[in-house]
Amino acid sequence: MTSTFQFLFLFLIIFTVMTQVWLSTRHISHVKNHRSNVPNEFKSIIKSKDHQKAADYTVAKSKLNIIDLLVQASFLYVLTIGGLINWLNNYISTLDLNSLISGSIVIISVMVLSSLIDLPANLFKIFKIDEKFGFNRMSIKIFILDGIKQLLLSIVIGLPILFTSLWIIGNLGELWWLWLWVFISLFNFSMISLYPIYIAPLFNKFQPLGDTNLKNKIEKLLLRCGFKSSGLFVMNGSLRSNHGNAYFTGFGKSKRIVFFDTLLEKLTPNEIEAVLAHELGHFHHEHVKKRITLMFLISFIGLYILGSLKESIWFYEGLGVYQLNDANAILLFLLVSPLFIFFIRPVIAYYSRKNEFEADEYACKFSKPEDLKQSLIKLYRDNASTLTPDPLHSNFYDSHPPALMRINAINAIKKP
Ligand SMILES: [Zn+2]
């Protein structure tokens, strides 16, 4: 069983990397082939120069993504069959610590190593690619400050969660996986309410929307849609990037609407209204609730599987680890599960794109379709999102449908 599982694991690493590299190279050549011509539907708004910029930006990001995929896969190999986790376990066991502490040290060491491995690609994306295309507004100082804040948050929030999880596994009997699921679900659920109020403000400033004209317009829209929220906020997204966005966040009393300042700069009030109507469409169709439910379901299945893997020697030894303990079980499971989740990714992406169409349809009922189309095209242009993605790449990954499909779908909506 050990060697069968090891073979499956190696096969999946190679298969998932090759599939993703293949999709990226397809995407790159498709975008390059369409670089010289703006699709007819967009000719009136998108200049050739902007279209080429979007193509070059997409190609640069995709190339970085290919390198990143290879680095991540090699690192996964080194950690597991390469013997790094096993070595870490052996080393830490010589220190004679209690199992909760030594297990946590192994998990934390691997997490720290992973972030260090991710670091060069992150730096390159922000300070080379985004900088070159005029999207980066982040200074090195903010980058370092963000890193320190994230580290402190991991210590204050992550450590207690890790300790509690290991304690649950070691002390709550056969059904530990069920209790762990309850604990993690409760934690995630409370984070949804607490994040917008306590954590997001550590990274950005949130101010109540000041523009009274816009505010009146938005409040009328909210009334039309029968939506109550605890506030409209503007976030200084411009601190880090030029990309514009708007989103809903929180739950119950912490429910709020957040606009990036960069979005407000770029769109007219009518277009902002249309973007918001789209977001309200997500809310109306309960997309967020459905997504959270799906995540809870996936983690339930995952933990159930972990429940049976934890006692299986082949699971550890197949992954090059010879110490059977709770911390290794969690760690290996977290490292390996993305290889299996890979296969449901296109399904999740499809579901997400379906939600986008539904939200667009809703937006067309409560705001003008022309404004929605205009805002979409502007956002594609200003974020340098390609208008001509490779169809297969888009089907596999994209959470949002390609611009042309969205515009066509909006055009197809019949007036009541
Ligand atoms: Zn959406």
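Is E356 buried or exposed? E356 counts as buried, at 5% relative accessibility. This residue is also a protein donor of the zinc ion. The model is predicted. The points below cover the metal site, the nonpolar cores, the aromatic pairs, the charges over rings and some single residues.

**Zinc site**

- The zinc ion takes its protein donors from H278 (NE2), H282 (NE2) and E356, which is listed with OE twice.
- These donors lie 2.1 to 2.8 Å from the zinc ion.
- The site has four donor atoms, and the angles among them run from 51 to 134°.
- The geometry is irregular, because four donors count as tetrahedral only if all angles lie between 85 and 135 degrees, and the angles here start at 51°.
- Along the sequence, the donor residues follow the spacing H-x3-H-x73-E.
- Distant parts of the chain are linked here: H282 sits in helix α9 (residues 269–284) and E356 in helix α13 (residues 345–366), 74 residues apart.
- H282 has a relative accessible area of 11% and is therefore buried.
- E356, at 5% relative accessibility, is buried as well.

**Nonpolar cores**

- The largest nonpolar core holds 38 residues.
- Six residues have the most contacts inside this core: F9, I85, F315, L319, L331 and L332.
- Helix α12 (residues 326–341) supplies the largest share of the core, with nine residues.
- A second core is separate and has 34 residues, among them A200, L222, V275 and L372.
- Leaving aside residues up to four places away in sequence, L319 touches F5, F9, T80, I81, L332 and V336.
- Two of these partners, F9 and L332, are listed with L319 among the residues with the most contacts in the largest core.

**Aromatic pairs**

- The structure contains 20 aromatic pairs.
- One of them joins W314 and F315 edge-to-face, with 6.5 Å from centre to centre and 85° between the planes.
- W314 is partly exposed, since its relative accessible area is 23%.
- F315 counts as buried at 2% relative accessibility.
- The pair of F342 and F396 is tilted, because the planes stand at 45°; the ring centres are 5.3 Å apart.
- This pair links distant parts of the chain: F342 lies in the loop between α12 and α13, and F396 in helix α15 (residues 391–397), 54 residues apart.
- F342 and F396 are both buried.
- Ring pairs also join F342 and F396 into a cluster with F11, F15, F343 and Y397.

**Charges over rings**

- K53 lies over the face of F135, 4.8 Å from the ring centre.
- R256 lies over the face of F233, and its distance from the ring centre is 4.3 Å.

**P346 in helix α13**

- P346 is placed in helix α13, the helix that also holds the zinc donor E356.
- P346 counts as partly exposed, at 23% relative accessibility.
- Not counting residues up to four places away in sequence, P346 touches N395 and F396.
- F396 is also the ring that pairs with F342.
- P346 and L12 are 334 residues apart in sequence, and their C-alpha atoms are 16 Å apart in space.

**Loop residues**

- D96 is not a glycine, yet its phi is positive, at about 60°.
- D96 is found in the loop between α3 (84–93) and α4 (99–132).
- D96 is exposed, with 70% relative accessible area.
- N98 lies in the loop between α3 and α4.
- N98 counts as partly exposed at 48% relative accessibility.
- N98 and I157 are 59 residues apart in sequence, and 22 Å separates them in space, C-alpha to C-alpha.
- E286 has a positive phi too, near 55°, and is a residue other than glycine.
- E286 is found in the loop between α9 and α10 (287–309).
- E286 counts as partly exposed, with 39% relative accessibility.

Methods: Residues numbered from 1 in each chain as written. Predicted model: local features only at pLDDT ≥ 70, side-chain atom pairs only at ≥ 80, totals over all residues. Heavy atoms only, no water. Core = buried A, V, L, I, M, F, W, Y, C linked by side-chain atoms within 4.5 Å. Buried < 20%, exposed > 50% of the residue type's maximum accessible area, 1.4 Å probe, protein only. Helix = DSSP H or I, 4+ residues; strand = E, 2+ residues; numbered from the N terminus. Contact = heavy atoms within 4.5 Å. Donors = N, O, S within 2.8 Å, 3.2 Å for Na, K, Ca; no water. Tetrahedral: all angles 85-135°; square planar, octahedral: opposite > 155°, others 65-115°. Phe/Tyr/Trp six-rings, centres within 6.5 Å; stacked < 30°, edge-to-face > 60°. Lys NZ or Arg CZ within 6 Å of the ring centre and 35° of its normal.
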